[in-house]
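Please open the structure in a viewer and keep the selection panel at hand. The tour below proceeds by selections, each followed by a description of what is found there.

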Amino acid sequence: MGLLSKKDAALITDPLADNNPITIQVLGICSALAITAQLKASIVMAISVLFVMGVGNVVISAIRNIIPSKIRIIVQLTVVAALVIIVDQVLKAFAYELSKELSVFVGLIITNCIIMGRFEAFALGNGLWRSFLDGIGNALGYGVILIIVGFFRELLGSGTLLGFPVLGDPIAKTGLYSIGYENNGFMLLSPMALIVVGIIIWVQRTRNKALIED
C-alpha cells in the first residue's frame, strides 16, 4: 500500500489539472497578472504561497475546534499574516533585489482568495494530514500556472529565462535576432498574462470536454 490513499493523492493531483485554482476556480488571478513578467519572480511567489498554504492549513486544522465561529475569519487572517511576514523577512534577508521587485505582492498573499478559501472550505473541517495535502496541492496548482505564464512572458517578451539570454543578443543580432526576430514587448504588459492564462484554459477544456460549462 502506498503512502497516500486515492482520496489523499487526489488532494494533490486534482488542483494540478482538472480543479486548478486559477484556470478552473478562477482564483488568485491578480498575482498571475502582476508578477509573471519574469520567471524568477513567478517561481519565488509560487514557493512563498506553497509555504503559506502548507503551514497555514495545518495551523488552522490544529486549532479548528477552539476557534469561535464568529471570529474565524480574523483568526485565519492572523495566521496567514504571520506566515507572510516570515516569507517577507526571509526574502529581504536572502533575496533583497527580488523582494523589491515583488514589492507589495508578497504582502497581498494575505488576501489571496485561494488561501482563505482553503482555510474556510477544507482546513476547518479536516485533520492535519489531509489539510496539509490540500494546501500543498492547491499551492502547486497555483504555482504551476504562475511558472508557465512567467516562462512564456519572459521568453517572448525579453528573450531571456531567469535573466539569461536564450534567443540570442538583440543588440548584436545573434541567434534568432539574426534572422529578424524581435521581442514582443506586449508580453511584458499585465493584459498579456490574462491572454496566456486564457490559452491555458482553452487547452485544458480542449483536452477534457467535461470542463466545458453548458
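Select Lys-6 and Lys-7 of helix H1 in this predicted model: both residues are exposed. Now turn to the other side of H1 and add Asp-8, Leu-11 and Ile-12, which are the buried residues of this helix, residues 6-13. They lie on the same side of H1 because they cover an arc of only 95 degrees around the axis. Which helix should be displayed next to see part of what covers them? Helix H8 is included in that cover.

**From H1 to H8**

Keep Asp-8 selected and add Arg-130. The two side chains meet in a salt bridge, with 3.0 Å from N to O. Arg-130 belongs to helix H8 and Asp-8 to helix H1, so this pair ties together parts that are 122 residues apart in sequence. Is each partner buried or partly exposed? Asp-8 is buried, with a relative accessible area of 11%, whereas Arg-130 is partly exposed at 27%.

**Two further salt bridges**

The structure holds 7 salt bridges. For another of them, select Arg-207 and Asp-18, whose side chains meet at 3.1 Å, N to O. Arg-207 lies in helix H9 (residues 190-207) and Asp-18 in the loop between H1 and helix H2, so the pair ties together parts that are 189 residues apart in sequence. Arg-207 is exposed, with a relative accessible area of 56%; Asp-18 counts as partly exposed at 33%.

Next, select Lys-100 and Glu-97, where a salt bridge of 3.7 Å, N to O, joins the side chains. Both residues are in helix H5 (residues 96-102), 3 residues apart, and are thus separated by about one helical turn. An α-helix has 3.6 residues a turn, so residues three or four places apart point the same way. Glu-97 is exposed at 51% relative accessible area, while Lys-100 counts as partly exposed at 46%.

**A nonpolar patch on the surface**

Return to helix H8, residues 128-158, and select Leu-140, which is found there. Leu-140 counts as partly exposed, with 33% relative accessibility. Add Leu-16, Val-144, Ile-148, Phe-151, Phe-152 and Leu-156: together with Leu-140 these residues form a nonpolar patch on the surface, with about 490 Å² of accessible area.

**The interior**

Select Ile-22, Met-45, Val-49, Val-52, Leu-102, Ile-109 and Ile-115. These are the residues with the most contacts inside the largest nonpolar core, which has 39 residues. At least two residues of this core come from each of H2, helix H3 (39-62), helix H4 (72-94), H5, helix H7 (113-121), H8 and H9.

Within that selection, focus on Ile-109. What is Ile-109 in contact with, leaving aside neighbours within four places in sequence? The residues are Met-45, Ser-48, Val-49, Val-52, Val-80, Val-84 and Ile-115.

A second, separate core has 5 residues; select Leu-39, Leu-155, Leu-161 and Leu-167, which are among them.

**A buried serine**

Select Ser-31, which is found in helix H2. Ser-31 counts as buried, with 11% relative accessibility. Display its surroundings: not counting residues up to four places away in sequence, Ser-31 touches Thr-36, Asn-112 and Tyr-142. Then select Tyr-96 and draw a distance to Ser-31. Their C-alpha atoms are separated by 19 Å, and the two residues are 65 residues apart along the chain.

**The whole chain**

Finally, clear the selection and colour the protein chain by secondary structure. How many helices and strands are there? The chain has 9 helices and 2 strands, which follow the pattern α-α-α-α-α-α-α-α-β-β-α along the sequence. With the view widened, the C-alpha atoms fill a box of roughly 65 × 45 × 35 Å along the principal axes. Of the 214 residues, 41% count as buried. Among contacts between residues at least 6 apart in sequence, 75% join residues at least 24 apart. Switch on the surface to end the tour: the accessible surface of the protein chain comes to about 11,300 Å², and 71% of this area belongs to carbon and sulfur atoms.

Terms used
Residues numbered from 1 in each chain as written. Predicted model: local features only at pLDDT ≥ 70, side-chain atom pairs only at ≥ 80, totals over all residues. Heavy atoms only, no water. Patch = residues over 30% accessible without salt bridge, like charges linked within 9 Å, V, L, I, M, F, W, Y side chains within 5 Å. Areas by Shrake-Rupley, 256 points an atom, 1.4 Å probe, with all protein chains shown as cover. Salt bridge = Lys/Arg side-chain N within 4 Å of Asp/Glu carboxyl O. Helix = DSSP H or I, 4+ residues; strand = E, 2+ residues; numbered from the N terminus. Buried < 20%, exposed > 50% of the residue type's maximum accessible area, 1.4 Å probe, protein only. Arc of directions from axis to C-beta. Contact = heavy atoms within 4.5 Å. Core = buried A, V, L, I, M, F, W, Y, C linked by side-chain atoms within 4.5 Å.
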